[in-house]
Every structure is written in C-alpha cells, then in structure tokens.
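This report describes how two domains of one protein meet and which charged side chains pair within the fold. Please consult the sequence and the structure shown here.

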Amino acid sequence: MTVAYASGKVILFGEHAVVYGQPAIAVPVNQVQAQATVEKGPAGRGITITAEDLQQSYSLDQVPANDALRTIVVGTLEHIGVGTKRDLTITVSSTIPIARGLGSGAAVSTAIVRALGQHFGSFVPPQVVSNLVYETEKIHHGTPSGIDNTVIAFEKPVYFVRDRKMETFSVESPFLLSIADSGIASPTRIAVSHVRRAWEREREKYEELFDEIGTIAEMGRQAIERGETETVGRLMNENHRLLQLMGVSSPELEGLVEAARQGGALGAKLSGAGRGGNIIALVTQETRSRVDMMLRVAGAQDVIVTEVS
Ligand code: PMV
C-alpha cells in the first residue's frame with residue numbers, strides 16, 4: 001500500500017483580485033492534511049475510490065466524466081502512462097475543513113496524484129501535479145485562478161500571478177499566523193460569482209479595488225523578504241478593508257478580525273473566498289495565546305497556528 005499527503009493552504013494577500021490578473025501570496029498550512037492511499041485490487045473490480053470522511057465509495061466508471069476525483073485519477077494515470085484498465089483501491093481522507101478557504105479540494109487531489117505516482121514508481125514534478133489538480137479545481141470552482149493547486153503542489157510560500165510561471169520568495173523573518181475558522185462553509189464558486197456580477201455592474205470601482213489589492217500583495221512580498229513583520233500586519237489590515245469594500249466579508253468574519261486585533265495581533269484579514277471560512281491573524285509567541293482566547297470568545301470554531309518560513 002502507498003500513502004501520500006498534501007497540506008492545506010491560506011491566502012495571505014490578494015484573493016479575488018488574483019482571478020482578475022493581480023498578484024497574490026499563499027502559504028502552505030502543514031497542520032491540516034489530506035491523505036490518499038493506493039492499493040492493488042480487488043481483482044476484476046476496476047478502480048474504486050473511497051472518500052472516508054464523506055462515507056462514499058464508488059467505482060470510477062459509475063460516476064460522470066466530470067467528477068473531480070475521477071478526473072484526477074484518470075488524468076494522473078494517463079500522465080504516468082499506465083492507463084485506467086487496472087484494479088486499484090484509492091482511499092482518501094482529510095483533516096482540512098471543507099469550503100473554509102484552506103484548499104481541501106486541491107489537497108485531496110494532490111495527495112491522490114502523489115500516491116499514484118509513488119505506487120507506479122513515477123516521480124510527478126510539482127508543476128505537473130499543479131496542472132493536473134487545476135483540472136479538478138475547474139470542476140469545483142468554475143473559474144479558479146490556480147493559486148490553490150500551485151501552493152499546495154509546491155509546498156512553499158508562492159507569489160502567484162494567473163497564467164504566469166509561479167515564483168517562490170524568501171521569508172527573511174519567519175512569522176506566525178493564527179487561523180480561525182468561522183464555522184461557516186462558503187463555497188468558493190458562489191463568492192467568486194458574486195464578485196463577478198458586482199464587477200460587471202461597477203467595473204471601475206472593482207478594477208480600482210483589484211489594482212489596490214495587487215499593490216498590497218506586491219508590497220507584502222517585499223515586506224516578507226525584508227523581514228518587516230509589522231508592515232506585513234499593516235498590509236493585512238489594509239487588504240481586509242478592501243475585501244470589505246468588495247462585499248465579501250460578513251458580520252461573523254468582522255467579529256473575528258476585530259477580536260484578533262484587540263488581542264494584540266499585528267494584523268488580521270479574511271482569507272480565501274470570504275462570506276465564511278477563515279480569518280488569519282499575524283501573531284507572535286507573546287500574543288498568540290491571548291489572540292487565540294479572543295478568537296474563541298468571538299465564536300471561532302477552531303484556531304490553529306502555523307509558521308510561515
Ligand atoms: O479556495 P479559497 O476559498 O481560498 O478561494 C480561492 C481564492 C479566490 O481568489 C477567491 C478564488 C481563486 O480562484 O483564486
């Protein structure tokens with residue numbers, strides 16, 4: 001049996017604007033993971049996929065061609081060059097909450113590509129993993145920018161611009177992010193289509209917001225490369241304000257962002273599609289427990305801390 005994993009991720013700067021060609025920054029979150037196992041057999045049954053968390057098990061040819069798990073399995077087997085006429089059992093599970101901006105869909109697909117690659121003794125380079133996973137992101141999200149599959153496949157902080165080769169960058173002073181789950185599921189597809197409709201109605205306003213967010217992502221990268229952590233926090237606050245103006249925040253997210261700031265976070269913002277999902281807060285060893293407490297009092301369902309390095 002082969003086992004492989006993939007981490008979750010959060011977007012530090014630039015969500016939504018990235019769909020419109022602006023730069024964004026995302027970082028992996030190793031504290032949550034998707035897992036995929038691949039086993040041979042049972043004989044004569046073809047390929048079976050079991051999603052443990054969803055208590056679903058099905059044969060590959062029972063589902064339509066645009067099923068996300070089927071798409072990643074077929075795409076990977078074709079890439080490896082071993083074909084789909086095989087008896088395999090693929091089992092997936094994940095500790096990444098679904099529809100909270102942590103990249104659960106992309107992580108499950110990435111774990112499958114890695115597990116199949118290992119099973120057949122074939123190294124699948126990160127850019128190929130990312131491209132294969134992007135096909136499933138299209139099924140989940142409609143018009144994804146590609147940032148989730150990129151950061152998860154490369155497992156490094158990335159500076160991402162749609163349709164360009166991704167860039168990594170150095171983190172001069174590692175810093176801590178507190179990630180608080182609002183407990184509200186927010187499918188990316190819905191938030192993205194809301195922004196699209198708003199942009200169609202008020203192009204000038206939205207393009208200005210996207211431009212400003214792009215500038216913040218650019219400045220955020222520079223601040224991280226220079227180890228200017230306080231500037232990173234200030235830019236997170238500024239990015240959040242622009243996301244508010246874009247209409248993707250919510251009272252629950254506002255409560256969490258405010259609580260994190262009151263607890264002493266250097267900056268806080270919603271992360272991902274918005275409306276629900278997570279907020280992220282920039283904390284230090286000194287402020288992390290107070291921020292954690294404030295976030296929980298404000299209704300966070302879960303709080304995890306990850307280091308960006
Ligand atoms: O998957 P999420 O919730 O992190 O959202 C993705 C970020 C968006 O910019 C809103 C959409 C995209 O495709 O980049």
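The area buried between domain 1 and domain 2 is about 3,000 Å², and carbon and sulfur atoms give 62% of that area; buried area is the accessible area (1.4 Å probe) that two parts lose on being put together, summed over both. The model is predicted: local features need pLDDT of at least 70 and side-chain atom pairs count only at pLDDT 80 or more, while totals for chains, interfaces and linings use all residues. Residues are numbered from 1 along each chain as its sequence is written, and side-chain values use heavy atoms, with hydrogens and water left out.

Domain 1 covers 2–167 and domain 2 covers 171–308, with bounds taken from an automatic or database domain assignment. Their C-alpha centres lie 25 Å apart. To the contact (heavy atoms within 4.5 Å), domain 1 brings 34 residues and domain 2 brings 47 residues.

Across this interface there are three salt bridges, a salt bridge being a side-chain nitrogen of Lys or Arg within 4 Å of a carboxyl oxygen of Asp or Glu. In the whole structure the search finds nine salt bridges. Side chains of opposite charge can pair when their charged atoms come close. Four of the pairs are listed below.

| Salt bridge | Closest N to O distance |
|---|---|
| Glu 15 and Lys 269 | 2.9 Å |
| Asp 181 and Arg 100 | 2.9 Å |
| Arg 221 and Glu 167 | 2.7 Å |
| Arg 296 and Asp 292 | 2.7 Å |

Asp 181 belongs to strand E8 (residues 175–181) and Arg 100 to the loop between strand E5 (88–94) and helix H2 (104–119), so their salt bridge ties together parts that are 81 residues apart in sequence. Helices (H or I, at least four residues) and strands (E, at least two) are DSSP runs, numbered from the N terminus. Asp 181 is buried at 6% relative accessible area, and Arg 100 is also buried, at 13%; buried means under 20%, exposed over 50% and partly exposed in between (1.4 Å probe, protein chains only).

Arg 221 in helix H6 (residues 203–226) pairs with Glu 167 in strand E7 (residues 167–168), so parts that are 54 residues apart in sequence are tied together. Arg 221 is buried, with a relative accessible area of 14%, whereas Glu 167 is partly exposed at 34%. A network of salt bridges links Glu 167, Arg 221 and Glu 225.

Arg 296 and Asp 292 both lie in helix H9 (residues 288–297), four residues apart, about one turn of the helix. Arg 296 is partly exposed, at 40% relative accessibility.
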